[in-house]
Amino acid sequence: MGDEGEAIAEENGGPMVVDSGEQNSSWPTMRFDVSPYRTHHFSKQFRASRNPNNFLKGLKWSPDGSCFLASSEDNTLSLFYLPQDGGESNSYGVPIPEEDSYGASLLVNEGESVYDFCWYPYMSVSDPSTCVFATTTRDHPIHLWDSSSGELRCTYRAYDAMDEITAAFSIGFNPGGNKIFAGYNSSIRVFDLHRPGRDFGQYSTLQKNKEGQAGILSTLAFSPTNSGMLAVGSYGQTTGIYREDNMELLYVLHGQEGGVTHVQFSKDGNYLYTGGRKDPYILCWDMRKSVEIVYKLYRATENTNQRVFFDIEPCGRHLGTGGQDGLVHMYDLQTGNWVSGYQAASDTVNAFSFHPYLPMAATSSGHRRFSIPDDDDEDNNDVQLKADENCVSLWSFYVTSQENTSDEHNNGLASNSHHLNVTGEEENA
């Protein structure tokens, strides 16, 4: 789209979404006016006799879409591969199964609570050397794990003024894939991926005159357009925008009601979306105007300290987010309007993630529970959980083929259109 189209979008008060020609020709349009259907479900394997109330804390798809990684409260990261058939274990409308669809292919046990984790950006299952992900945990250095074998490849250690190991609160690979950026308390440390150990560059985000960005740096994200821009969220309720090459602070965004827990750029890099804990709104910022909030997207997170992840679809037109009400809400990013919602769990949906190229998404749910001691019956103190609590689910969206989309516009027969599911089979809407 040209400058004229962008000007029209700006007048309407919404971000301009730019799709590449490749996406327009190959990517089918997902239907958000129809609720997706659950294809796989995982809950029992996250519970054990020693920790029956174990809950999920987030999940992320691998860049090649072959698998996803889920983090849980028991300091474990579970890796699940997507079945080769695309996943049609349950058809639309089938109740939640009591048994898991299948087991995790890999379990990585950390020593302490997992603060953050991320995939190597060029990970491909066809190249084992790229199959790695990084984690940061309390009182531990950054670990780089082999996602094929589960072995620890290397560590990246940061030390404080007392020469003691200090843990990062957030981590992320730069777009080039050769450095790891890690957020600490009022500082960023940059590690060379090919030089594990204690060598790093350190940049303070708080200047001597107390200007800048203070607090625990809890989340970070790079612009997808290789513009060299880095967004860093802080528990100090601010989001800082930096240059990747020298960590120069460009500007600080104020407006979040709680500590910032997740930041994500739009696909064209012109907009930034930020969300915070105990804050019911995701804020949309225009990077070209720096201090302007374009609109706010509501989600039910005003009463939880949990980090709730949201995600933008591969085409860049819609955003999905969960909340305490167990609902997933879809928003149109050009207008900021609510599009639809569906019940994903009966507990807090703390992560929603679109598949990189299939019309699918994954959700994780759960929160910390405390059993009430009962003097009469000490054996019944465990909380009895249902299958749709503390679980992971995979969802398939109905899609409209390009040919049928044009036919609908020509004939106006939307009610009789045919839709394709993720396996390519036709269904009548």
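This passage describes one sheet in a predicted model, moving from the arrangement of its strands to the pairing around β17.

The sheet is open and consists of four strands, which lie in the order β15-β16-β17-β18 and pair in the antiparallel sense. At its edges stand β15, covering residues 217–222, and β18, covering residues 249–254, each of which pairs on one side only. From one strand to the next, the twist averages 20°.

Within this sheet, strand β16 (residues 229–234) runs antiparallel to strand β17 (residues 238–243), and the two are joined by five bridges. Along this pairing, M229 stands opposite R243 in β17, while V232 stands opposite G240 in β17. The strands β16 and β17 form a hairpin with three residues between them, and in this hairpin Q237 takes a positive phi near 70°.

β17 also pairs with β18, again in the antiparallel sense and over five bridges. One of the residues that can be followed across to β18 is T238, whose bridge partner there is H254. Here too the two strands form a hairpin, in this case with five residues between β17 and β18, and M247 in the turn has a positive phi of about 60°.

The surroundings of β17 can be described through the burial of its residues, where a residue is called buried if its relative accessible area is under 20%. Five of the six residues of β17 are buried, and the strand is therefore largely enclosed by the rest of the structure.

Note on methods:
Residues are numbered from 1 along each chain as its sequence is written. This is a predicted model: local features need pLDDT of at least 70, side-chain atom pairs count only at pLDDT 80 or more; totals for chains, interfaces and linings use all residues. Side-chain values use heavy atoms; hydrogens and water are left out. Two strands pair if DSSP finds at least two bridges between them. Axes are lines fitted to C-alpha atoms, for helices over the stretch in contact, and angles run from 0 to 180 degrees between N-to-C directions. Buried means under 20% relative accessible area, exposed over 50%, partly exposed in between (1.4 Å probe, protein chains only).
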